[in-house]
Amino acid sequence: MFCFQCEQTARTDSEVGCATAKGVCGKDETTADLQDILIFQLKGIGQYASRLHGLGKPDAAADSFILYALFTTLTNVNFNRARFVDLIAKAATVRDGLRDAYEEAARAAGQNPQTLIGPATFVPAKTLPELMAQAVIASVRAGLDEVGPDVIGLRAMVLYGLKGVAAYAHHAEVLGETRPEISVAIAHALDFLSTDPVDLEVLLEEALALGRANFTVMATLDAANTGVYGTPSPAAVRTTPMAGKAVLVSGHDLRDLEAILEATKGTGINVYTHGELLPAHGYPKLRAYAHLAGNYGGAWQTQQTEFSAFPGPIVMTSNCLIEPQPAYRNRIFSAGPVGWPGVRHIENRDFTQVVKAALALPGFVTTEPERTTLIGFGHNAVLGVADKVVEAVKSGAIEHFFLIGGCDGAASGRNYYTEFAEATPANTVLLTMGCAKYRFNSHDFGTVAGLPRLLDLGQCNDSYSALVIAQALAKAFDCGLNELPLSLVVSWFEQKAAAVFLTLLALGVRNVRLGPTLPAFLTPALLDILVNRFGVLPITTAAADIDAALLRTVS
């Protein structure tokens, strides 16, 4: 195996990337190789899907399969090799169906069908050992000796950004929101990668194209979330448990959360969110469930301790899953794209097993003193007081905005984000989203100009809200995005963050500070491109980076 798609990848003096029997995330080499083969097949599916889109004959089922299959390969989503063997078999069937459909559509349009090569012709082996022997052609480093590390790195940036785009698109699709241009962009990206591109400029443009596509995807997901569950509004969310039976729901999937709330209605079971589902409490339709009791725990990397202590079943709806411990292995369930060997998987949102487990387990014996955290400041809520914000900036009451968000993680160096947030001046506003917020959202930042200093915009995909707010403020001040008194300090971990990062680059946002460590697939030459063309800045120290941001505002 070889994998360097996430921030926690192994780093030694001799090599960067997980290349042993087991990755840092817990993914074994067999599962890693199966994921590579599935990605290789998806490139072949993309070859045919892209041409069918061009002929006006898209296959919605194949487009949906692409999203789901890509999602399963994100960091900390699915570790179940049996699921990947099944997906590989299904991918071959989907590809063959698309091939037949393409050839028929081409002839109907008066064209001679192209004879495609590469992934389009790949035939997966029938046995696991034979599949493992095929994995070498699908490795992310295939061709390294011929094309060099810069090409491999930029191909990886396109692929990993594509994975994030697909995951967000899947979340939107689950809620009934799809847009043709999204499927076109994803199929095109897979088709492009199937050609093993070597031109760095072309690769970079494809990466930016994915960033633009991701902005559309995040807008679509925003429309899906608000269309189904209402416009988020500020709310104080309880962060301490109450006596009673309990279910914990982690991940990102609002539809799964809703299904669990429906399944537990009237049972006396309290439902708690965890990690990236904290923002669910901001949506009126979900908040209307009286037994949505609060949020329990913090970011994904603390789950082994928190899940062990939780006295009820746990449902993991999306990333980030890490190896379940014996203390809760028999009461954790996976759903959607998630999987771990031996963990019970929920199909078709039938959470009957979860309800039974919650009723059988003790739940919380006592009610702890109430503590809360404030959430729900999406773009509608913030822009609802835009006039006050603009006046506060003009009067000097608000000096600067800091967006501190993204992914949290276990690696050293992430205390930087705590130190940064707590050291910002009292006349500044902090915007946050994603699980990075748990580094500082328990701190009392007070208010400025009558507004809370810390505004929680939501999940990682709610980077869209931040961009909408920034665009609205730029319009109000009649200036460009980069002229605003706004600094972006991004904590990245996995491929959704990679997609958001490409969106920032595509929209021309400069001076983005990225950390805690830079992606392993970025070679020194690629980093030079990001620094020189896009103004990307690696983080240094909290104090120095705050001073630099405020100095930029003054100048």
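**The largest pocket**

Begin with the largest pocket of this predicted model, which has a volume of about 610 Å³. Select Thr 372, Thr 373, Leu 374, Asn 441 and Ser 442: of the 24 residues in the lining, these are the closest to the centre of the pocket. Then colour strand β8, residues 372–375, which contributes three residues, the largest share of this lining. By class, the lining consists of nine nonpolar, 11 polar and four charged residues.

**The second largest pocket**

Turn next to the second largest pocket, where about 450 Å³ of space is found. Which residues lie nearest its centre? Select Lys 43, Ala 138, Ser 139, Val 140 and Leu 159, which hold that position among the 28 residues of the lining. Now display the helices α1 (29–54), α6 (149–174) and α7 (180–194), each of which supplies at least two lining residues. Helix α1 provides the largest share, six residues. The lining of this second pocket divides into 16 nonpolar, six polar and six charged residues.

**Helix α2**

Keep α1, α6 and α7 on display and add helix α2, residues 60–72; those three helices are among the elements that cover the buried residues of α2. The cover also includes α3 (81–108) and α17 (495–506). Helix α2 has 13 residues and spans 19 Å from its first C-alpha to its last, close to the 18 Å expected at 1.5 Å a residue. Select its buried residues: Ala 62, Asp 63, Phe 65, Ile 66, Leu 67, Ala 69, Leu 70, Phe 71 and Thr 72. At the start of the helix, select Asp 59 and Ala 61: a side-chain oxygen of Asp 59 comes to within 3.1 Å of the backbone nitrogen of Ala 61.

**The enclosed spaces**

Rolling a probe the size of a water molecule over the atoms reveals where empty space remains. Across the whole structure, nine cavities of 30 Å³ or more are found. The largest cavity has a volume of about 290 Å³. To locate this cavity, select Phe 401, Leu 431, Ala 470, Leu 484 and Leu 486, which lie nearest its centre among 28 lining residues.

Which elements each supply at least two residues of this lining? They are the helices α13 (379–383), α14 (386–395) and α16 (463–477), together with the strands β9 (400–406), β10 (428–433) and β14 (486–491). Helix α16 gives the most, with six residues. The lining of the largest cavity comprises 23 nonpolar, three polar and two charged residues.

**Along α16 and into the loop beyond**

Remain on helix α16 and select Ala 466, which lies in this helix. Is Ala 466 buried or exposed? Ala 466 counts as buried because its relative accessible area is 7%, under the 20% limit. Apart from residues up to four places away in sequence, Ala 466 touches Leu 403, Met 433 and Leu 457. Add Val 382 and draw a distance between the C-alpha atoms: Ala 466 and Val 382 are separated by 9.7 Å, although they stand 84 residues apart along the chain.

Proceed to Gly 480, in the loop between α16 and β14. Gly 480 is partly exposed, at a relative accessible area of 28%. Its C-alpha atom is separated by 9.5 Å from that of Val 509, which stands 29 residues away along the chain.

**Lys 437**

Select Lys 437 in the loop between β10 and β11 (447–448). Lys 437 counts as buried, since its relative accessibility is 0%. What lies 3.0 Å from a polar atom of the side chain of Lys 437? The answer is the backbone oxygen of Gly 458. To view the surroundings, show Leu 278, Pro 279, Thr 432, Asp 456 and Gly 458, which Lys 437 touches when residues up to four places away in sequence are not counted.

**Asn 225**

Finish at Asn 225, in helix α8, residues 200–229. Asn 225 counts as buried, at 3% relative accessibility. Display Leu 175, Gly 230, Leu 254, Tyr 283 and Asn 461: these are the contacts of Asn 225 once its neighbours within four places in sequence are left aside.

Technical notes:
Residues are numbered from 1 along each chain as its sequence is written. This is a predicted model: local features need pLDDT of at least 70, side-chain atom pairs count only at pLDDT 80 or more; totals for chains, interfaces and linings use all residues. Side-chain values use heavy atoms; hydrogens and water are left out. On a 1 Å grid over the protein atoms alone, a cavity is a set of points where a 1.4 Å probe fits but cannot get out, and a pocket is an open set with protein on both sides within 12 Å along at least five of seven lines; lining residues have an atom within 4 Å of a point. Grid points are joined across faces, edges and corners, and a volume is the space filled by probe spheres set on the points. Helices (H or I, at least four residues) and strands (E, at least two) are DSSP runs, numbered from the N terminus. Ala, Val, Leu, Ile, Met, Phe, Trp, Tyr, Cys and Pro count as nonpolar, Asp, Glu, Lys and Arg as charged, and the others, Gly among them, as polar. Buried means under 20% relative accessible area, exposed over 50%, partly exposed in between (1.4 Å probe, protein chains only). Contact means heavy atoms within 4.5 Å. The expected span of a helix is 1.5 Å times one less than its number of residues. A polar contact is a pair of N or O atoms within 3.5 Å; within protein, one must be able to donate a hydrogen and the other to accept it, and residues adjacent in sequence count only if both atoms are side-chain atoms.
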